[in-house]
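Got the viewer open? Set it to cartoon, keep the selection box handy, and follow along.

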Amino acid sequence: MIYGSVSIKGSYHDNNQDSVYSGICNDYYVLVVSDGLGSKNNSKQGSQAVCDSIKEVVKNLDLTESKINENEIIRKVHNKWLYKLRNHEINQSYATVLACIITPFEIIALRLGDGFLSIITKEENLVLYDKKENYFENETDCMYEDLDLDKWEIKKIKNNKLLGVIACSDGIAVSNNYEEDYLSFSKELINSYKFDEKHEIEYDMKNWISNWAGSDDKTIAFIIKEGEKTDG
């Protein structure tokens, strides 16, 4: 698998309030994108605490278990997040969550708030995004003091012939909130980059993301199965 990320500060903020991780924890592939709420003074610390908390929870998962309790993962992440921010004002540290954990048995996808996460396999595709059904356009769910599992979107599919995972913060707007657009965008990236090296992918992504419309921070994370090279 090829994994990496690119995150670029927008003109709207003094610092990049997004945080991102794409790598390996405890033999799992893990991808996280977190967007600190722009109205909060401590949003960068909040989004970074999301990434660090998820990595720490995954490091302690039991790889011998074929079934993993997603609600328990979220509870542990929330508790670690609160602990990491114990010296900060929690109400100034709110942040969204996009996360994917690839286990030997299944792929677990978690979302709290905006942005989107796509999982592409040969047999099944999955996309998580904020459908805004009960919110105004500038409203979203996020990590805050209390844990409300009903706000989380939790999906999982079998780990069977994974082609790639793509996650973007809402600064990379690829759709008017249509699932087909997210999937098409993700498939195009996976097919375009599956023969490239990590540094080549990140270099190219940085170029086109830097010119992407919009003033918000822009972050993308990826896990892509290498393509099969042939001679001739």
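Here is a short walk through a helix, a strand with its partners, and a cavity.

Keep in mind as you click that this is a predicted model.

**Stop one: helix H1.** Select residues 43–59, the 17 residues of H1. Put a distance between the end C-alpha atoms and you should get 25 Å; at 1.5 Å a residue the helix should span 24 Å, so the two agree. Now show side chains. Ser43, Gly46, Ser47, Ala49, Val50, Cys51, Ser53, Ile54, Val57 and Val58 are buried. What covers them? Bring up strands E2 (18–25), E3 (28–35) and E4 (97–102), plus helix H2 (70–84), which are among the elements doing the covering.

**Stop two: strand E5.** Leave E4 on and add residues 106–112, which make up E5. E4 and E5 form a hairpin, with three residues between them, and they pair antiparallel over six bridges. Look for Ile102 opposite Ile107 of E5.

Next, add E8 (residues 153–158), which also runs antiparallel to E5 and is joined to it by six bridges. Here Arg111 has Glu153 of E8 as its bridge partner. Is E5 buried on one face or both? Both: Glu106, Ile108, Leu110 and Leu112 are buried on one side, and Ile107, Ala109 and Arg111 on the other.

**Stop three: the cavity.** Searching the whole structure turns up one cavity of 30 Å³ or more, and the largest cavity holds about 50 Å³. To find the spot, select its lining: His78, Leu112, Cys142, Met143, Tyr144, Asp146, Leu147, Asp148, Lys151 and Trp152. Colour that lining by class and you get six nonpolar, one polar and three charged residues. Leu112, from the E5 stop, is one of the lining residues.

Technical notes: Residues numbered from 1 in each chain as written. Predicted model: local features only at pLDDT ≥ 70, side-chain atom pairs only at ≥ 80, totals over all residues. Heavy atoms only, no water. Helix = DSSP H or I, 4+ residues; strand = E, 2+ residues; numbered from the N terminus. Expected span 1.5 Å × (residues − 1). Buried < 20%, exposed > 50% of the residue type's maximum accessible area, 1.4 Å probe, protein only. Contact = heavy atoms within 4.5 Å. 1 Å grid on protein atoms, 1.4 Å probe; cavity = no way out; pocket = protein on both sides within 12 Å on 5 of 7 lines; lining within 4 Å. Points joined across faces, edges and corners; volume = space filled by probe spheres on them. Nonpolar A, V, L, I, M, F, W, Y, C, P; charged D, E, K, R; others polar. Pairing = 2+ DSSP bridges.
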